[in-house]
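User: Please take a close look at the disulfides of this protein chain and set them in their structural surroundings. I would like one connected account, with the criteria behind each term stated.

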Amino acid sequence: MINHSNSGRRVVALCWPIVLFLSLWPNDSTASVPTSVIRAREQQQQQQQAAAAAASAETTIAEQPSSNNDTCNNDVENKPPPPLLECGVYMAPSTIGNHSNLGIYTGFALQPNETIRFPEIAIPLLFRNFDQHPPNSLGDGTLWDRYIWGAHVANLQDPLDDYDRTQERSVFVPGVGCTVNSMLDLQNIQSTQGSVYDTANVPRNHPAAGSFSPYHSSKTITTREIPIGSELLANYGDGWIPNIPNVAVTLDQHLDQADKFVKHYEEWMAKIVEKYGETDKLSPEMLEKLWTMARGLHPSRDFSVLPPEMDLSRFLSKSSSTKDANANEEFSSSSSSPTREYWRSQSIRSMEWLQKHGKCQDHIKPGISTIPNAGRGAFASRDLPQGTIVGYAPLIHIGEAGTDLLQFTYHSSSSTNKKQYTKPELVINYSFRHPNSTLILTPYGAGVNYINHASGQRTPNVRVQWPKEESIAHKPDWLQEKSVRFLRDTTGKIGLSFDYVALRDIAKDEELLMDYGPEWEAAWEAHVVNHVPPKDALTYVHSSQYTGEYLKTRNEQLSDPYPTNLHTLCRPWFTQRPDGTNVFARPMRQDDQYVTCEVVERNPRDDSTTYTVQMSLGGGDGGGSNTNKNKVVVVVVQGVPRPEGIELFDKVFSQDMHLPQAFRHPISIPNDIFPEAWKNKL
């Protein structure tokens, strides 16, 4: 932190190497073009090049020439490149992080409270708490940390215990939910807003039940007007950004500190101009090098928000003879916050730049699949000519530990801790693996996880292939030179991606299908033959589909019980009146502990209905901290509201996706694109 009493002295002291550098700078009689002119020319040249490329349709990434990874790729039949298509959402290098990570941009101007198209799937992850590594993911698998949310963000009601709902599990929301960056001062969206539970009418007794996530329609919503070409930026909180390497720490305190440094630097620069302004030692290039050196004197992340570049050419137009007392003010920045102004200006890209450097993320829209009982599917949002990259997805890799890491052991409840069964996580159905390798790749591009297998008489119209060009999230040398062990030990960055390429012309609203591979198809056929429906298949009703307006009393349940997968739970929040009656009362410290309860009586009122309930405290089922845990104490509490005090819940692990017989199998990576060096499981 800068000490305000001597901050000026500290800045000057830190800049003495720059003074030495200036004194040693060689004379250059060549006149230099101002930095602002250079940048304007470069931007104009880039736009002209992009426009020309668009006219000739050479900007289509599927057809860009390969640099060094023609091997391990099976290109679509050699056809003329498809035309440049409209796109509303791009994935491209972020404006923050020194182009070391990806971001999401809008191809349309947006108004407040708009939903970014299209809402995404939300895939529960049971193998880890949101804020805690499982022991076997401290190395291989750590990469997952960057691409998860707390389950509550997507409104997942899927706890590990019926009574203790405080353990925060994780959720995987690919697409925008995985890729948007956080810049606290520039937030323009609320990312990953809830989800909807819906099994797409796939019956519980069908072999496909539980094979896909029932959570979908997780939205990203704008919070203000967003100009076309802007990067979408969320707010992950103060604790998130400082833990990501090479990303500017955009907390307000750091932005303010950077502003103070810029002010002192410009004051110092004014003095340098006074001394050297009439010599040929000052030039735009030299000024840029001075600024780069000044930034380099502050390696701590507190100064990571300093602008990587500044337009200092204005100093060259100032007279070196200026001596009056207002000289420093004359040279100071006109912005009240030059750091914020810089990052705001950098968060917008031209459409030409996005078309050249970005990958479209809204060619795919979700909908109910045309394949019976397949759940949701992916559909073309516009006409997609052959060769179009209909989807692009960076890949989260696990080198060797995936089989052990991406599985979960189910217990009947935390109170008994009785082991029932172990099975792969649901996310494995959305991941890729080669049968002769331990490597597991999970895509997080928008919409691609909705693409179903082309079964029966249907033929694929999409296939995956490695991108032809190197990018932030794809390193061709990983395909040619790196081993699975290298991937196992590379835990801090993404280096592999898939292009989903149209095999033929695809019409708008047509479902996208791909070939999951012979291993997947054989596993599915065996699953269908051996499938045994659960015993409650005909009586099961998920809580979200229960249509009762009121909760039933225990007397009503004698003749009309709830489905066996549902039960009422209460928060043990109450206080005792002088007459001995217990009434609902909100404690100062609230949590998600619940206890077993039954409705004794409904108490209808004009504005709402409350319930008189009988709670069972103690006995190891949560709540009742002032009771003997080994002894069940029954209390009757009046005035309990719904849903704050009582609600109808699904019993833990009763949903379709938790069924022991639910299908699990990864999608096969095509053998013709899979490197031989990665086949470590023969």
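Analyst: A disulfide joins cysteine 87 to cysteine 360, with an S to S distance of 2.2 Å; the term denotes a pair of cysteine sulfur atoms within 2.5 Å. The model is a predicted one, in which local features need pLDDT of at least 70 and side-chain atom pairs count only at pLDDT 80 or more, while totals for chains, interfaces and linings use all residues. Residues are numbered from 1 along each chain as its sequence is written, and side-chain values use heavy atoms, with hydrogens and water left out.

The link between cysteine 87 and cysteine 360 connects distant parts of the chain, 273 residues apart. Cysteine 87 sits in the loop between helix 3 (35–55) and strand 1 (89–93), and cysteine 360 belongs to strand 12 (residues 359–360). Helices (H or I, at least four residues) and strands (E, at least two) are DSSP runs, numbered from the N terminus. The torsion about the S-S bond of this pair is about 100 degrees, so the disulfide is right-handed. Cysteine 87 counts as buried because its relative accessibility is 4%, and cysteine 360 counts as buried at 11%. Here buried means under 20% relative accessible area, exposed over 50%, and partly exposed in between, with a 1.4 Å probe and protein chains only.

By the distance rule, the count comes to two disulfides. The other pair is cysteine 570 and cysteine 597, whose sulfur atoms are 2.2 Å apart. Cysteine 570 lies in strand 24 (residues 566–570) and cysteine 597 in strand 27 (residues 595–604), so this disulfide ties together parts that are 27 residues apart in sequence. The link is right-handed, with 80 degrees about the S-S bond, and both cysteine 570 and cysteine 597 are buried. With bonded cysteines counted along the chain, the disulfides follow the pattern 1-2, 3-4. Another cysteine, cysteine 178, counts as buried at 8% relative accessibility.

Strands 24 and 27 are members of an open sheet of seven strands, with the order 25-26-29-28-27-24-30 and mixed pairing. Two strands pair if DSSP finds at least two bridges between them. The edges are strand 25 (574–576) and strand 30 (646–650), each of which pairs on one side only. On average, neighbouring strands of this sheet are turned by 40 degrees against each other, direction ignored; the axes are lines fitted to C-alpha atoms, for helices over the stretch in contact, and angles run from 0 to 180 degrees between N-to-C directions. Strand 25 runs antiparallel to strand 26 (residues 582–584), to which three bridges join it. Threonine 575 has valine 583 of strand 26 as its bridge partner. The loop between strand 29 (633–641) and strand 30 holds proline 643, and the peptide bond from arginine 642 to proline 643 is cis, with omega near 5 degrees.

A second cis peptide bond, also with omega near 5 degrees, leads from arginine 117 to phenylalanine 118. Phenylalanine 118 is placed in the loop between strand 2 (102–106) and strand 3 (123–129).

Further features lie in and beside other strands. Strand 7 (residues 189–193) contains serine 191, which counts as buried because its relative accessibility is 6%. Threonine 192 is also in strand 7; phi of threonine 192 is near 55 degrees, a positive value in a residue other than glycine. Threonine 192 is buried, with a relative accessible area of 2%. A polar contact of 3.3 Å joins the side chains of serine 191 and threonine 192. Such a contact is a pair of N or O atoms within 3.5 Å; within protein, one must be able to donate a hydrogen and the other to accept it, and residues adjacent in sequence count only if both atoms are side-chain atoms. Leaving aside neighbours within four places in sequence, serine 191 is in contact (heavy atoms within 4.5 Å) with residues including Trp149, Val176 and Lys219.

Strand 21 (residues 462–465) directs Val462 and Val464 one way and Arg463 and Gln465 the other way, and all are buried. Four bridges pair strand 21 with strand 22 (residues 497–502) in the antiparallel sense, and valine 462 stands opposite alanine 502. In the loop between strand 22 and strand 23 (511–514) lies aspartate 509, which has a positive phi of about 75 degrees although it is not a glycine. Aspartate 509 is partly exposed, with a relative accessible area of 43%.
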